[in-house]
Amino acid sequence: MSEDNKQIHGHAVMDMMIAADKPYSRETLRAEIIQRYGEDARFYTCSASDLDADELIDFLEAHGKFAGADSSFRVDPSKRCADDE
């Protein structure tokens with residue numbers, strides 16, 4: 001995979017959310033992901049790859065990584081897998 005096609009681990013987004021220490025909605029999280037990583041960024045997780053920002057948010061939500069309501073959630077640090085990447 002070339003450097004241009006490098007994918008970003010979903011942990012980077014979770015770490016960004018933890019560091020920001022603020023609640024998100026799907027829209028504000030998507031906007032922050034795009035601002036930080038770019039519109040064309042692709043992400044991977046321990047069990048999925050080649051995800052865009054919306055697919056990553058869907059994946060994290062489906063795997064119980066968020067705590068709170070749809071309009072105001074945070075990442076739940078206790079739900080982060082032990083992967084070292």
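Is Asp58 buried, partly exposed or exposed? In this predicted model, Asp58 is partly exposed, its relative accessible area being 39%. The residue belongs to helix 3. Its C-alpha atom lies 9.2 Å from that of Arg26, although 32 residues of sequence separate the two. The setting of this pair is described below, after the overall architecture.

The protein is built from three helices and four strands. Read from the N terminus, the order of these elements is β-α-α-β-α-β-β. The chain contains 85 residues, of which 35% are buried. The accessible surface of the protein amounts to about 5200 Å², and carbon and sulfur atoms account for 46% of that area. When contacts between residues at least 6 apart in sequence are considered, 55% of them link residues at least 24 apart.

Helix 1 spans residues 10-20 and helix 2 spans residues 26-37. The axes of these two helices come within 11 Å and cross at roughly 110 degrees. Because angles of 65 to 115 degrees count as roughly perpendicular, helix 1 is roughly perpendicular to helix 2. The crossing of helix 1 over helix 2 is right-handed. On the side of helix 1, the residues that meet helix 2 are Ala12, Val13, Met16, Met17 and Ala20. Their counterparts in helix 2 are Leu29, Glu32, Ile33, Arg36 and Tyr37.

Several residues of helix 1 are buried, namely Gly10, His11, Val13, Met14, Met16 and Met17. Val13, Met16 and Met17 are thus buried and also take part in the contact with helix 2. The packing partners of the buried residues of helix 1 include helix 2 and helix 3 among the helices. Strand 1 (8-9), strand 2, strand 3 and strand 4 are also packed against by these buried residues.

Just after helix 1, Asp21 adopts a positive phi of about 50 degrees. Asp21 is not a glycine, yet its phi is positive. The residue sits in the loop that leads from helix 1 to helix 2. With a relative accessible area of 59%, Asp21 is exposed, since exposed residues are those over 50%.

A positive phi is also found at Asp50, again in a residue other than glycine, with a value near 60 degrees. Asp50 lies in the loop between strand 2 (43-44) and helix 3 (53-62). At 43% relative accessibility, Asp50 is partly exposed.

The second helix pair is formed by helix 2 and helix 3, whose axes come within 10 Å and cross at roughly 130 degrees. Helix 2 is therefore oblique to helix 3. The crossing of helix 2 past helix 3 is right-handed. From helix 2, the residues making the contact are Arg26, Leu29, Arg30, Ile33 and Ile34. From helix 3, Ala53, Asp54, Ile57, Asp58 and Glu61 contribute. Arg26 and Asp58, the pair introduced at the start, are accordingly both listed in this contact, with their C-alpha atoms 9.2 Å apart. Leu29 and Ile33 of helix 2 take part in the contact with helix 3 and also in the contact with helix 1.

Ala53, which belongs to the contact between helix 2 and helix 3, can also be related to Gly38. The C-alpha atoms of Gly38 and Ala53 are separated by 9.4 Å, with their positions 15 residues apart along the chain. Gly38 is located in the loop between helix 2 and strand 2. Gly38 is partly exposed, with a relative accessible area of 25%.

Toward the C-terminal end of the element order, two strands follow helix 3. Strand 3 (residues 66-69) and strand 4 (residues 72-75) run antiparallel and are joined by four bridges. A hairpin of two residues connects strand 3 to strand 4. Within this pairing, Phe66 stands opposite Val75 of strand 4.

In a regular strand, side chains alternate between the two faces of the sheet. Strand 4 shows such an alternation. Phe73 and Val75 point to one face and are buried. Ser72 and Arg74 point to the other face and are not buried. Val75 thus combines a buried side chain with a position opposite Phe66. Strand 3 and strand 4 are also among the elements against which the buried residues of helix 1 pack.

How values were computed. Residues numbered from 1 in each chain as written. Predicted model: local features only at pLDDT ≥ 70, side-chain atom pairs only at ≥ 80, totals over all residues. Heavy atoms only, no water. Buried < 20%, exposed > 50% of the residue type's maximum accessible area, 1.4 Å probe, protein only. Contact = heavy atoms within 4.5 Å. Areas by Shrake-Rupley, 256 points an atom, 1.4 Å probe, with all protein chains shown as cover. Pairing = 2+ DSSP bridges. Axes fitted to C-alpha atoms, helices over the stretch in contact; angles between N-to-C directions. Parallel < 35°, antiparallel > 145°, perpendicular 65-115°, else oblique. Left-handed = near helix turned anticlockwise from the far one by under 90°.
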